[in-house]
Amino acid sequence: MRRSVSRMMIASLLVAASASGASAAPCSTSSAGFDRWLSQFKAEARSQGLSSRALSALDGVTFDQSVINKDRGQSVFSQSFLEFSDRMAAKYRIEKARQLIGGKYKREFDRAEREFGVPGAIISAFWALETDFGANNGNMETVRSLATLAYDCRRPEKFREELLDVLKIIDRGDLSASEMRGPWAGELGQTQFVPSVYLKYGIDYDGDGHADLIRSAPDVIGSSANYLKALGWRRGEPWLKEVRVPESMDWSQADLTIQHPLSEWQRMGVQLSGAERVNGDLPASLLLPMGRNGPAFLAFDNFKVFLEWNQSLIYATTVAYLATRIDGAPPVSRGRGVSAFGYEQTKELQSLLRAKGYDVGEVDGKLGLLTRASVKKVQQKLGLPVDSYPSPELVSRLRGR
């Protein structure tokens, strides 16, 4: 899964890239010039003090067109929350996570919560969604994938730094180049760390002197907890709670940029679905991933950590929901009946919004935060219920019909 770009410190990378001898390729998918670029990159990496062992990982590396094709064609997060969570928050994942937390890796999960404050339900939810607990780490050559993306025109600055960091991981002795296999974008290990995250937050939790996130489950548990704490995890606080919302609700309040204390939400008629007690002073946002007729949650400060891990709202909500299920919560309510907006519908919506001057980011078929914010503005303007989720009526009005 993709990581938050904010953690890549893009401004500093642009400065570094401008001074680099390994310049980005012209904006095309052609492999012409790749060998020359790679030779320049290797010379620069050598000048930064990387060892011959690390640099040898670049020997014989070739351009991989399939990586470019995958980079241009992402669409998994065009699914609705219920579609995605039905598939990903599966019963077998919930059961396996509970078994690992209470059984085989109880000592490691207990240690991680003690040292970093992150519960086992959170760590195991990411572990489950990213690779099915290590069953599907990916099988593409990581160095080749990163070299291809660093050469490509779309995000060369970001992936150039990731390629340098993957060489540093080899230099550190955690993994060899031949062991580094994963998905097309160069993530590594059972919770899919990009190399910069692996290098900074990967830790040795099994005592062998190396952070091996491909083969060592203890290292995966400890490193994931270490990273989640760095992203801002708050010990002992909730992250997501399902709620019941009155039909008379002021739907404009359902926005991740708006927070109220739990007690204030309760005054507005929002009620926790479970019987557990939660501190009424804790701030939370009302999250309606499929609008006012779909499932409803209160998202507490810890929910921001899920969005830091992955900026897709659908992914973040699903992994947070899976963690609640692992922690004992019942299945989420299906709501009052809502139609999912599919990939093509969302692309049309984004095109219509963009044509009217609204910022939706890329027209990519994903109902992300920018698109939802623009939907909210249009709903306010047209006098429709302001729940940030599109409807056929909204699209029809945008078409001018």
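**The sheet, the cores and a few side chains**

I would like to begin with strand β7, where Phe297 and Ala299 point one way while Leu298 and Phe300 point the other way, and all of them are buried. Please keep in mind throughout that this is a predicted model.

Strand β7 belongs to an open sheet of 5 strands, which takes the order β4-β6-β7-β3-β5 with antiparallel pairing. At the edges of the sheet we find β4, residues 260-261, and β5, residues 271-272, each of which pairs on one side only. Helix α15 packs on this sheet, where it touches β3 (240-244), β6 and β7, and the direction of the helix makes about 90 degrees with that of β3.

Let me now go through the pairings one by one. Strand β6, residues 283-287, pairs with strand β7, residues 297-300, in the antiparallel sense and over 4 bridges. Within that pairing, leucine 286 stands opposite leucine 298 of β7, and alanine 284 stands opposite phenylalanine 300, which is also in β7. Alanine 284 of β6 has a second partner to mention, since histidine 260 stands opposite this alanine, and the strands concerned, β4 and β6, run antiparallel and are joined by 2 bridges. Returning to β7, we find that 3 bridges join this strand to β3, again with the two running antiparallel, and that lysine 241 stands opposite leucine 298 in β7. Leucine 298 is thus faced by leucine 286 and by lysine 241.

How enclosed is β6 by the rest of the structure? Of its 5 residues 4 are buried, so the strand is largely enclosed.

I turn next to the nonpolar cores. As a general remark, nonpolar side chains tend to be buried together in soluble globular proteins. The largest nonpolar core in this model has 108 residues, and the members that touch the most others are Ile122, Trp127, Leu163, Leu167, Leu240, Phe303 and Phe306. Helix α15, residues 313-326, supplies the largest share of this core, namely 10 residues. Apart from this core lies another one, of 17 residues, which includes Val243, Met249, Trp251 and Leu288. As for leucine 167, if we leave aside its neighbours within four places in sequence, this residue is in contact with Phe41, Ala45, Leu50, Ala54, Ala57 and Leu58.

The aromatic residues deserve a separate word. The structure holds 22 aromatic pairs. In one of these, the rings of phenylalanine 63 and tyrosine 151 have their centres 5.8 Å apart and their planes at 80 degrees, and because planes over 60 degrees apart count as edge-to-face, that is how we describe this pair. The pair links distant parts of the chain, given that phenylalanine 63 sits in the loop between α3 (52-55) and α4 (65-72), whereas tyrosine 151 belongs to helix α9 (residues 142-151), 88 residues apart. Are these two residues buried or exposed? Phenylalanine 63 has a relative accessible area of 12% and is therefore buried, and tyrosine 151, at 4% relative accessibility, counts as buried as well. There is also one aromatic cluster formed by Phe126, Phe193, Tyr201, Tyr227, Trp233, Trp239, Phe303, Phe306 and Trp309; Phe303 and Phe306 will be familiar from the list of residues that touch the most other members of the largest core.

Finally, I would like to set two charged residues side by side. Lysine 376 is found in helix α17, which covers residues 369-382, and at 10% relative accessibility this lysine counts as buried. What does its side chain reach at 2.9 Å? The partner is the backbone oxygen of serine 252. Not counting residues up to four places away in sequence, lysine 376 touches Ser252, Asp255, Ile258, Val386 and Ser388. Arginine 114, by contrast, is exposed, with a relative accessible area of 56%, and has its place in helix α7, residues 106-116. From C-alpha to C-alpha, arginine 114 and arginine 235 are 9.6 Å apart in space, although 121 residues separate them in sequence.

Methods
Residues numbered from 1 in each chain as written. Predicted model: local features only at pLDDT ≥ 70, side-chain atom pairs only at ≥ 80, totals over all residues. Heavy atoms only, no water. Buried < 20%, exposed > 50% of the residue type's maximum accessible area, 1.4 Å probe, protein only. Polar contact = N/O pair within 3.5 Å; in protein donor to acceptor, adjacent residues only side chain to side chain. Contact = heavy atoms within 4.5 Å. Core = buried A, V, L, I, M, F, W, Y, C linked by side-chain atoms within 4.5 Å. Pairing = 2+ DSSP bridges. Axes fitted to C-alpha atoms, helices over the stretch in contact; angles between N-to-C directions. Phe/Tyr/Trp six-rings, centres within 6.5 Å; stacked < 30°, edge-to-face > 60°.
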